[in-house]
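Colleague: I am new to this structure and would like a close look at a single part of it. Could you take one helix and walk me through its setting with care?

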Amino acid sequence: MSAPIEDYLDRLQVRLRGTPRQIRRTLREAEDHLHDATADGVARGLDPAEAERAAVAGFGDADDIARECNTPHLVRGLLGPAAALLGIGLVAIGLSGVVAAIIVAAGGRTFAFADHVGATYPVGDCAHWLAQQPTAANCAQAALAESVSDGLLQRFTAGVLGLIVLAATAYLARRQGTSLRSWATRPVTALVGVTAFGAAALILLALGGNAVQLDGGRGAGQWFSAGGVAALAAAAFAAIAVRRLRELPALATQ
Amino acid sequence: MKERLKGNLDLLILDVLAARPAHGYDVIVSLRTRSDGAFDLPEGTVYPALYRLEASGLLASNWTSESGRRRRVYALTATGRAALVEQRRQWHEFTTAVGAVLGASA
């Protein structure tokens, strides 16, 4: 006995790729759809067998539907959010450079970038730093000046790279019919963001606390500036995650 | 027509779902009804589009029970509403520009 819907679902099932849950979901939705279309066909005056055949024909070729369902959405699903997170991480490093620069400008060079108490420097390095920093009175001052300029330059460079990554990601997102904001505010992006930035904040703030405790605060500013920005980023991602996760149960009541 | 429709399917689905949450068959029926039958895609193609929009965070879905039957119902997220506003704006810009070109050569 002919069973067009069952035959079609068999054809579709063997062509679908993905997780068992995704395949079950697609088959279930297809089955619901085909029965709805059959019921509409019968309501229009077709006999049940004819309505089933019309429903299957209207659904589209199983090869084509499976191919579209199987198309890996790697860029949308993984690379896009990962690129957004990378860009945000680099921009956060750049922002920590701004905070460190403010500390330096406020007279906190030692707090921001000095080495720990009792640090020693190889003679060759000293000669190089003194040549680079001719106004420095001794090797320790030259080392500090080098740390300040290198530390700020590296963070600002990361920030600029982050802006470039975000601009490229936004362009890619538009080409994919979505947006940078969409990739950056997905539940999974927010959860990864809160975890990564939260862990970074804890480690960096602990390093800063360690510098305060052991070295009287020498060099603590570099850790606190980065840790503070990481904590703010973690808080922002936590707020996004809470908002996005609240949207999910709200849908069930609609 | 079919290729042009497929290129704008995401916008059309977002617009249909802006009115109210719906399951896949409902979406197809709405598209057909609102276009007076002009938009008559293979009906199964709506599902990959729904999955794509959900993966992009523009839709969220849940199984719900309707007249004793479980159905997967899709709804716009806040991000989806913002994307719809932006895509509508882009569409109006595009159609205005095309209209101006065609009007100039008519």
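What follows is a look at one helix of chain B, its surroundings and, at the end, a pair of helices in chain A.

Modeller: Please keep in mind from the start that this is a predicted model. The part I have chosen is helix 4 of chain B, and it helps to place that helix in its chain before looking at its residues. Chain B holds 5 helices and 3 strands, and, read from the N terminus, these elements follow one another as α-α-β-α-α-β-β-α. Of the 106 residues in chain B, 37% count as buried, and among the chain's contacts between residues at least 6 apart in sequence, 47% join residues that are at least 24 apart.

Against that background, how many residues of helix 4 of chain B are buried? The count is 8 of the 10 residues, so helix 4 of chain B is largely enclosed by the rest of the structure. The buried residues are B:Val46, B:Tyr47, B:Pro48, B:Ala49, B:Leu50, B:Tyr51, B:Arg52 and B:Leu53. After helix 4 of chain B comes B:Gly57, a residue whose phi is positive, near 85°.

Helix 4 also has a part in the contact between the two chains, which takes 26 residues from chain B and 30 residues from chain A. On the side of chain B that touches chain A, two or more residues come from each of helix 3 (24-34), helix 4 (46-55), strand 2 (59-66), strand 3 (69-76) and helix 5 (78-105) of chain B. Of these, helix 4 of chain B gives the largest share, 5 residues. Sorted by class, that side of chain B has 12 nonpolar, 9 polar and 5 charged residues.

For a view of the partner chain, consider helix 1 (residues 4-15) and helix 2 (residues 20-43) of chain A, whose axes come within 11 Å and cross at roughly 155°. Because of that angle, helix 1 of chain A is roughly antiparallel to helix 2 of chain A, and the crossing of the two is right-handed. On the side of helix 1 of chain A the contact is made by A:Ile5, A:Tyr8, A:Leu9, A:Leu12 and A:Gln13, while helix 2 of chain A brings A:Ile23, A:Leu27, A:Ala30, A:Glu31 and A:Leu34. By class, the residues of this contact between helix 1 and helix 2 of chain A comprise 8 nonpolar, 1 polar and 1 charged.

Conventions: Residues numbered from 1 in each chain as written. Chains lettered and ligands numbered in written order. Predicted model: local features only at pLDDT ≥ 70, side-chain atom pairs only at ≥ 80, totals over all residues. Contact = placed C-beta atoms within 7 Å. Helix = DSSP H or I, 4+ residues; strand = E, 2+ residues; numbered from the N terminus. Nonpolar A, V, L, I, M, F, W, Y, C, P; charged D, E, K, R; others polar. Axes fitted to C-alpha atoms, helices over the stretch in contact; angles between N-to-C directions. Parallel < 35°, antiparallel > 145°, perpendicular 65-115°, else oblique. Left-handed = near helix turned anticlockwise from the far one by under 90°. Buried ≥ 20, exposed ≤ 12 C-beta atoms within 10 Å, placed from the backbone.
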